[in-house]
Amino acid sequence: MPSPERRLPFSRRGFLTASAALGLASLPTRATARPRPFGRYGSPAARLTPTTLYVDQVGRGDHTTVQAAVTAAGGSGWTLVIAPGTYRETVAVDASRTEMTWLGAGTDAREVVIVYDNAAGTPKPDGSGTYGTTGSATTTVKADGFTARHLTFANDWLRADHPGISGTQAVAIKVQGDRSAFHHCRFLGHQDTLYADSMALTVFARQYFSHCYAEGDVDFVFGRATAVYENCHFRTLTRTDLTSAPYGFVFAPSTAGANPRGYLVTRSRVSSEAPDGHYKLARPWVPSSDTTARPSLVVRDTRLGPGIDAVAPYAAMSDSFPWQNQRFAEYRNSGPGAAVTVPANRPQLTAEQAASATRAAYLGDWEPWKEPC
């Protein structure tokens, strides 16, 4: 589906503007940035550890871009403290930079934004083709043990600005590493916002998202990771380019067939800007690179707002792989979008099955919820 004609609250000149609908606060500009940009995380003069780097776009840290700091942080165990501001750049964390932590130094995630505007169909500057879905990502994390707190990851590419481009997937972040944790983070985009994936079909990457916010329209939380979303808020966007439902899909897991668990959404909520019933909760993604995938999604103890089609909350991405053949289930959800009007369309876990659909069962011996938030 095409992306909606809705502008994210960013400008090419660099800073997030207020949005009453989403409660976004204005960001500091170069003229109004704080004299002490690192807040509760100290300053370059008083380092947290010898492996802490400070990023400040106006030059009061070790580096002015996030990518420069990542490049400088060779090896394992580095911490990046990022001062308030909008960092318009693409960032890649390769597999060698394990156990890395990024800390937003603002009072909340809206003050520290990493954003760019590539899409799958965007031509590469060297003329070698287009970026593709993976290449469109503003931030890519391949390393194990990555942690982020109080940050916004965004992709503000818009179809309305590029009518000649048909590849409208525009990823805010692609996460592939095992033991990747995000606390109080925001993920903004339209199509394919949050790509929770793994490094290979045979690799089961565990990921944890706590008190996070994600918005989009088409498959905006997708991939083959073993991912737990706890106390998160998912918001579906309105569209002006479509006149009928569905506008899109919240989840599109592509879980490998050998993986017993895919996405678990628990104690969360789904809200919408769109008219009632105009979104599906999920559809299974069986990619051409893995036709043996059996997408897995459990949504439990979660409030589904009226934007979700309660009669038929699931749909197929391909007629060859109907959603009924995949691993979709719900348990004790609430709200108008969770009403069970056609039982065959809403598989429910039994109490016994739900007892094993927990964050501990999905993440094993890794317990990121015990880390300070």
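User: Why is F187 called buried in this structure?

Analyst: In this predicted model, F187 has a relative accessible area of 1%, and because the cut-off for buried is under 20%, the residue falls in that class.

User: What makes the pair of F153 and F187 a stacked one?

Analyst: The two ring centres lie 5.8 Å apart, which is inside the limit of 6.5 Å for a pair, and the angle between the planes is 10°, where under 30 degrees counts as stacked. Both conditions are therefore met, and the pair is called stacked.

User: Why is this pair said to tie together separate parts of the sequence?

Analyst: F153 belongs to strand β9 (residues 152-155) and F187 to strand β12, so the pair links parts that are 34 residues apart in sequence. F153, for its part, counts as buried because its relative accessibility is 0%.

User: How do you know that Y229 and F251 are tilted rather than stacked or edge-to-face?

Analyst: Their centres are 6.4 Å apart and their planes are at 50°; since stacked requires under 30 degrees and edge-to-face over 60, with the rest called tilted, the pair is tilted. Y229 sits in strand β17 (residues 226-230) and F251 in strand β19 (residues 248-253), so this pair joins parts that are 22 residues apart in sequence. Y229 and F251 are both buried.

User: Which residues form one aromatic cluster?

Analyst: The cluster consists of W102, F146, F153, F182, F187, F209, Y229, F234, F251 and Y263. A search of the whole structure finds 21 aromatic pairs.

User: Which residues have the most contacts inside the largest nonpolar core?

Analyst: They are W102, F182, Y229 and F234, in a core of 64 residues. Leaving aside residues up to four places away in sequence, F234 touches a set that includes F220, Y229, V250, F251 and V265. A second, separate core has 14 residues, among them A329, Y331, L349 and W366.

User: What makes Q191 buried, and where does it lie?

Analyst: Q191 lies in the loop between β12 (186-188) and β13 (194-196), and because its relative accessibility of 6% is under the 20% cut-off, it counts as buried. The side chain of Q191 is joined to that of T168 by a polar contact of 2.6 Å, a value within the 3.5 Å limit.

User: How do you know that the charged end of R186 sits over a ring?

Analyst: The charged end of R186 is 4.6 Å from the centre of the Y213 ring, within the 6 Å limit, and it is recorded as sitting over that ring. Likewise, the charged end of R261 sits over the ring of Y362, at 5.7 Å from its centre.

Key: Residues are numbered from 1 along each chain as its sequence is written. This is a predicted model: local features need pLDDT of at least 70, side-chain atom pairs count only at pLDDT 80 or more; totals for chains, interfaces and linings use all residues. Side-chain values use heavy atoms; hydrogens and water are left out. Helices (H or I, at least four residues) and strands (E, at least two) are DSSP runs, numbered from the N terminus. Buried means under 20% relative accessible area, exposed over 50%, partly exposed in between (1.4 Å probe, protein chains only). A polar contact is a pair of N or O atoms within 3.5 Å; within protein, one must be able to donate a hydrogen and the other to accept it, and residues adjacent in sequence count only if both atoms are side-chain atoms. A nonpolar core is a set of buried Ala, Val, Leu, Ile, Met, Phe, Trp, Tyr and Cys residues joined through side-chain atoms within 4.5 Å. Contact means heavy atoms within 4.5 Å. Rings of Phe, Tyr and Trp (its six-membered ring) pair if their centres lie within 6.5 Å; planes under 30 degrees apart count as stacked, over 60 as edge-to-face and the rest as tilted. A charge sits over a ring if NZ of Lys or CZ of Arg is within 6 Å of the ring centre and within 35 degrees of the ring normal.
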